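Me: I should like to learn how the features of a protein model are read. Where does one begin?

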Amino acid sequence: MEPVFPTDASEALEVPDTSDLGKMFFEARKKKGWTLEETSKTAGIGRSTLSKIENNQTKPSFEVVRRLTKVLELQTPQLFVQSGQSGISGRRDYTLDGKGELQDTPTYGHELLCTELTSKRMLPYISTIKARDVSQFETWIRHGGEEFMYVISGELTLFTEHYRPLDMKTGDSVYYDAGMGHGCVSTGKEDAKVLWVSLEN
């Protein structure tokens with residue numbers, strides 16, 4: 001099978017440069033059969049703004065991307081790992097227990113951690129693996145950089161494009177190229193919970 005990926009942020013943050021962003025929103029909108037007017041109204045943004053985004057004529061804020069990602073039901077946490085080209089040092093961010101930014105998808109339930117800190121190269125988040133069969137993924141999950149996953153609780157199978165399925169349980173961990181197609185399904189009685197850290201190139 002071919003197994004896509006979430007997120008949230010604030011108006012003050014900027015989205016990293018990506019020429020595929022406009023195309024991604026355009027294709028998702030067409031897949032739903034929505035017009036520019038319908039999509040912009042649902043997302044709470046201007047029609048002309050959406051048109052410019054789809055044609056890569058403007059760079060949207062994190063909040064605009066968050067809204068479009070939500071209404072178009074896209075799974076794209078990698079969009080929110082910023083370039084890290086910053087001379088600032090001594091930075092810090094924290095997330096209280098259970099207070100991360102939530103992003104729900106048909107296959108995963110994500111809690112994004114430390115989202116206030118910008119210009120970072122790592123995206124940490126805790127995920128509940130809701131998928132129970134690889135057929136629940138429309139296509140492989142794949143995005144730039146590398147990824148670390150640690151199983152907090154439960155049992156799961158990690159499917160990857162170039163390797164045999166990997167059965168994992170509480171305490172196990174794996175590090176892999178995130179550009180390689182991948183996807184997880186829970187195999188135990190309870191949905192597995194994992195810590196994911198996505199690393200930008």
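Reply: Let us begin with the surface. Accessible areas come from the Shrake-Rupley method with a 1.4 Å probe. The model is predicted, and for this protein the accessible surface comes to about 10900 Å². Carbon and sulfur atoms account for 48% of that surface.

Me: What percentage of the residues in the protein is buried?
Reply: A residue counts as buried under 20% relative accessible area. Of the 201 residues in the protein, 44% are buried.

Me: How many helices and strands does the protein have, and how do they run from the N terminus on?
Reply: There are 4 helices and 9 strands. The order of elements is α-α-α-α-β-β-β-β-β-β-β-β-β, read from the N terminus.

Me: How is the pairing of strands to be understood?
Reply: Strands of a sheet pair through backbone hydrogen bonds, in either a parallel or an antiparallel sense. In this model, an open sheet of 6 strands follows the order β1-β2-β3-β9-β4-β7, and its pairing is antiparallel. Its edge strands, β1 (101-104) and β7 (173-177), each pair on one side only. From one strand to the next, the twist averages 25°.

Me: Which bridge partner does His110 have in β3?
Reply: The partner of His110 is Ser127. Strands β2 (residues 108-112) and β3 (residues 122-129) are antiparallel and pair over 5 bridges.

Me: In what order do the strands of the 3-stranded open sheet lie?
Reply: That sheet has the order β6-β5-β8, again with antiparallel pairing. At its edges are β6 (163-169) and β8 (182-186), each pairing on one side only. Neighbouring strands here are turned by 20° against each other on average, direction ignored. Strand β5 (residues 155-160) is joined to β8 by 5 bridges, and Thr160 stands opposite His182 in β8.

Me: How are aromatic contacts read, and how many aromatic pairs does the whole structure hold?
Reply: Two rings pair if their centres lie within 6.5 Å. The search finds 3 aromatic pairs. One of them, Tyr125 with Trp196, is tilted, with 5.8 Å centre to centre and 35° between the planes. This pair links distant parts of the chain, since Tyr125 lies in strand β3 and Trp196 in strand β9 (residues 192-199), 71 residues apart.

Me: Are Tyr125 and Trp196 buried or exposed?
Reply: Both Tyr125 and Trp196 are buried. Together with Tyr108 and Phe137, Tyr125 and Trp196 form one aromatic cluster.

Me: Over which ring does the charged end of Lys32 sit?
Reply: The charged end of Lys32 sits over the ring of Trp34, 5.0 Å from the ring centre.

Key. Residues are numbered from 1 along each chain as its sequence is written. This is a predicted model: local features need pLDDT of at least 70, side-chain atom pairs count only at pLDDT 80 or more; totals for chains, interfaces and linings use all residues. Side-chain values use heavy atoms; hydrogens and water are left out. Helices (H or I, at least four residues) and strands (E, at least two) are DSSP runs, numbered from the N terminus. Buried means under 20% relative accessible area, exposed over 50%, partly exposed in between (1.4 Å probe, protein chains only). Two strands pair if DSSP finds at least two bridges between them. Axes are lines fitted to C-alpha atoms, for helices over the stretch in contact, and angles run from 0 to 180 degrees between N-to-C directions. Rings of Phe, Tyr and Trp (its six-membered ring) pair if their centres lie within 6.5 Å; planes under 30 degrees apart count as stacked, over 60 as edge-to-face and the rest as tilted. A charge sits over a ring if NZ of Lys or CZ of Arg is within 6 Å of the ring centre and within 35 degrees of the ring normal.
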